[in-house]
Amino acid sequence: MNVIMLGPPGSGKGTQSVFIARKMGLTPLSTGAIFRKNIAEKTELGKLAESYIADGKLVPDEVTVNLVKDSVKGTDGVILDGFPRTVAQAEALETFLKVDKVVYLDVEFDALLKRLTGRRECRKCGAPTHISLGFTSCPQCGGELIQRADDTEEVITKRFTEYEKATSPLVEFYSKKGNLVRIEAKGSIEEITEKIFEALEK
Ligand code: AP5
């Protein structure tokens, strides 16, 4: 099964992908995480992506589509976190992967800012957590927790604007195709994982 996680910044795509991937034996693939790894390693892709990400903008479609096309080769069931993010990316995806379900995490915008400014991420495995959960190291692998460079209020505001403009039309795009599952993503992380799991099992 191939699954897309769709939702605004901070809706829980990364958090839920980790749990759903483990529960269902899928390969998690986060374009944001791949870009951040490349930025840390100062690769050519990282240098290119950094200029967009630091300004809350999307990395150009062509770069991102090719990255995902390469990354899904040889996989047997993936969970895509953060891709597609534009209608052009969604149309390109159709040419190389069959999408079975699109999980849309629907969260009120007011809750998102608090989630994002308090987010911490593992330097080693990239798993997100939140300061309110009280972890001093990564609950998944014990790695060091750091704050993402794009989790400042200024950049978060720009990311919300990009989401509204470029990504939110995908809700209608996939609704029309009939494979969108809308999850009301408030409540505990465990409750939401359960809701997603039930929806995917149907
Ligand atoms: P990306 O890394 O994909 O960022 P994003 O979409 O902005 O999403 P986030 O990672 O911020 O949020 P999330 O929904 O994963 O939430 P999380 O689970 O962490 O992309 C970064 C950048 O890369 C983009 O801005 C763009 O420039 C570029 N990029 C990436 N993909 C691209 C593409 N396809 N095309 C072009 N450019 C691309 O949760 C957030 C916080 O909330 C955490 O602290 C978590 O612990 C907490 N939390 C989660 N669930 C709950 C809950 N139920 N209750 C309370 N807290 C919760």
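Analyst: A crossing is left-handed if the near helix is turned anticlockwise from the far one by less than a right angle, and right-handed if clockwise. The model is predicted, with pLDDT of at least 70 required for local features and 80 or more for side-chain atom pairs, while totals for chains, interfaces and linings use all residues. Residues are numbered from 1 along each chain as its sequence is written, and side-chain values use heavy atoms, leaving out hydrogens and water.

User: Which hand does the crossing of helix 1 and helix 9 have?

Analyst: The crossing of helix 1 and helix 9 is right-handed. Helix 1 covers residues 13-24 and helix 9 residues 189-201, both being DSSP runs of H or I with at least four residues, numbered from the N terminus (strands are E runs of at least two).

User: Why are helix 1 and helix 9 called oblique to each other?

Analyst: Their axes are 10 Å apart and the packing angle is about 50 degrees. Angles under 35 degrees count as roughly parallel, over 145 as roughly antiparallel, 65 to 115 as roughly perpendicular and the rest as oblique. Helix 1 and helix 9 are therefore oblique to each other.

User: Which residues of helix 1 and helix 9 meet?

Analyst: On the helix 1 side they are Thr15, Gln16, Phe19, Ile20, Lys23 and Met24, and on the helix 9 side Ile189, Ile192, Thr193, Glu194, Ile196, Phe197, Leu200 and Glu201; contact means heavy atoms within 4.5 Å. This contact has eight nonpolar, three polar and three charged residues.

User: What makes helix 6 oblique to helix 7?

Analyst: The axes of helix 6 (residues 109-117) and helix 7 (residues 153-167) cross at roughly 135 degrees and come within 11 Å. That makes helix 6 oblique to helix 7. Helix 6 passes helix 7 in a right-handed crossing. Phe109, Leu112, Leu113, Leu116 and Thr117 of helix 6 meet helix 7 residues including Arg159, Phe160 and Tyr163.

User: At what angle do helix 7 and helix 8 pack?

Analyst: The angle is about 35 degrees, and the axes of helix 7 and helix 8 (residues 169-177) are 6 Å apart. Tyr163, Glu164, Lys165, Ala166 and Thr167 of helix 7 touch Pro169, Leu170 and Val171 of helix 8.

User: What is the distance from the side chain of Gln89 to a nitrogen atom of the ligand?

Analyst: An N or O atom in the Gln89 side chain is 2.9 Å from that nitrogen. A polar contact is a pair of N or O atoms within 3.5 Å. A backbone N or O atom of Gly14 lies 2.8 Å from a ligand oxygen atom, and a polar side-chain atom of Lys13 lies 2.9 Å from an oxygen atom of the ligand.

User: What is unusual about Lys42 and about the bond from Phe83 to Pro84?

Analyst: Most residues other than glycine have a negative phi, and most peptide bonds are trans. Lys42, although not a glycine, has a positive phi of about 55 degrees, and it sits in the loop between helix 2 (31-40) and helix 3 (44-53). The Phe83 to Pro84 peptide bond is cis, with omega near -5 degrees. Pro84 lies in the loop between strand 3 (78-81) and helix 5 (87-93).

How values were computed: Axes fitted to C-alpha atoms, helices over the stretch in contact; angles between N-to-C directions. Polar contact = N/O pair within 3.5 Å; in protein donor to acceptor, adjacent residues only side chain to side chain. Nonpolar A, V, L, I, M, F, W, Y, C, P; charged D, E, K, R; others polar.
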